[in-house]
Amino acid sequence: LHRTAGAAAFFPTMGLCASSKPAVPSGMKLHVLPPSANSHGCIAVVKDLGMDIEIENAYGKTRSEEFIKMNPCHVCPTLEIDDTTAIWESGAIMRYLCNIAPNGDKLYPKDPLKRARVDMVLDWRQTALYPCLPAIGYGIFGMPVDTDEAKEKFKSLQEEHFKILTDVYLKDTKFCFSDTPTIADLAIAPALNFIKARKKFWEAVPQAVKDYQARVLEAFPGAKENFDALEGMATGWDGEGNDAEP
């Protein structure tokens with residue numbers, strides 16, 4: 001994640017207190033980059049399930065000796081379980097949190113088929129949907145982006161991935177294979193904010209996808225500050241290609 005004026009102004013001031021409720025291993029700490037879509041699902045899970053886990057702003061710290069000792073991959077989110085144990089990758093963290101929380105099946109069902117469908121959508125998000133987003137929206141982090149590549153990736157979203165989302169995963173339910181939101185939805189919806197970096201791209205997103213994103217984000221008010229931060233960075237980006245036609 002590269003420093004930009006918007007990011008630098010936002011990271012240090014982010015409020016990150018989590019409420020407490022279930023009994024989980026004491027002293028756990030969730031290291032996040034507050035406006036990062038990959039951190040948002042984990043933050044939302046902690047807050048929605050009322051878990052007693054400290055949420056730590058890791059901006060500027062992921063390349064430190066201390067952080068790399070904890071997580072050699074130096075990525076966020078990272079869940080520090082104790083002094084010798086940590087896990088990273090957002091999907092793995094969300095699953096783990098739901099598995100240890102007494103009320104975790106609210107977001108990650110215990111029924112084998114329902115759980116398999118959540119896992120399936122999580123895998124699809126990682127391998128199909130998300131790879132289309134960096135070229136479209138990572139300019140907000142100061143990373144180089146190519147408008148022609150962004151157009152190609154958006155075409156893939158339009159012609160294939162959005163149709164899978166709406167016509168398969170949301171065919172009969174408000175959320176992915178579910179009448180209530182799960183960690184699969186938390187993996188997808190926040191990341192869609194990257195598309196808003198290119199205004200005309202977002203205008204071309206199917207209304208069903210926009211409505212779905214709104215439903216998911218509204219279901220997790222505890223993470224609203226984080227969702228809004230990424231959206232604000234995206235809609236405020238004025239880099240080359242921000243007004244390009246899709």
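Reader: Are α7 and α10 roughly parallel or roughly perpendicular to each other?

Author: This is a predicted model, where local features need pLDDT of at least 70, side-chain atom pairs count only at pLDDT 80 or more, and totals for chains, interfaces and linings use all residues. Residues are numbered from 1 along each chain as its sequence is written, and side-chain values use heavy atoms, without hydrogens or water. The axes (lines fitted to C-alpha atoms, over the stretch in contact; angles run from 0 to 180 degrees between N-to-C directions) of helices α7 and α10 (DSSP runs of H or I, at least four residues, numbered from the N terminus) come within 10 Å and cross at roughly 65 degrees. Angles of 65 to 115 degrees count as roughly perpendicular, so α7 and α10 are roughly perpendicular.

Reader: Which residues of α10 meet α7?

Author: Contact means heavy atoms within 4.5 Å. From α7 come Phe162, Leu165 and Thr166. Their partners in α10 are Ala208, Val209 and Tyr212.

Reader: How many disulfides does a search of the whole structure find?

Author: A disulfide is a covalent bond between the sulfur atoms of two cysteines. Here the cut-off is a pair of cysteine sulfur atoms within 2.5 Å. For Cys76, the nearest cysteine sulfur, in Cys42, is 9.9 Å away. Cys132 lies too far for a bond, 16 Å from the closest cysteine sulfur, in Cys176. The number found is 0.

Reader: Is Cys132 buried or exposed?

Author: Buried means under 20% relative accessible area, exposed over 50%, partly exposed in between (1.4 Å probe, protein chains only). Cys132 has 5% relative accessibility, so Cys132 counts as buried.

Key:
Helices (H or I, at least four residues) and strands (E, at least two) are DSSP runs, numbered from the N terminus. Angles under 35 degrees count as roughly parallel, over 145 as roughly antiparallel, 65 to 115 as roughly perpendicular and the rest as oblique.
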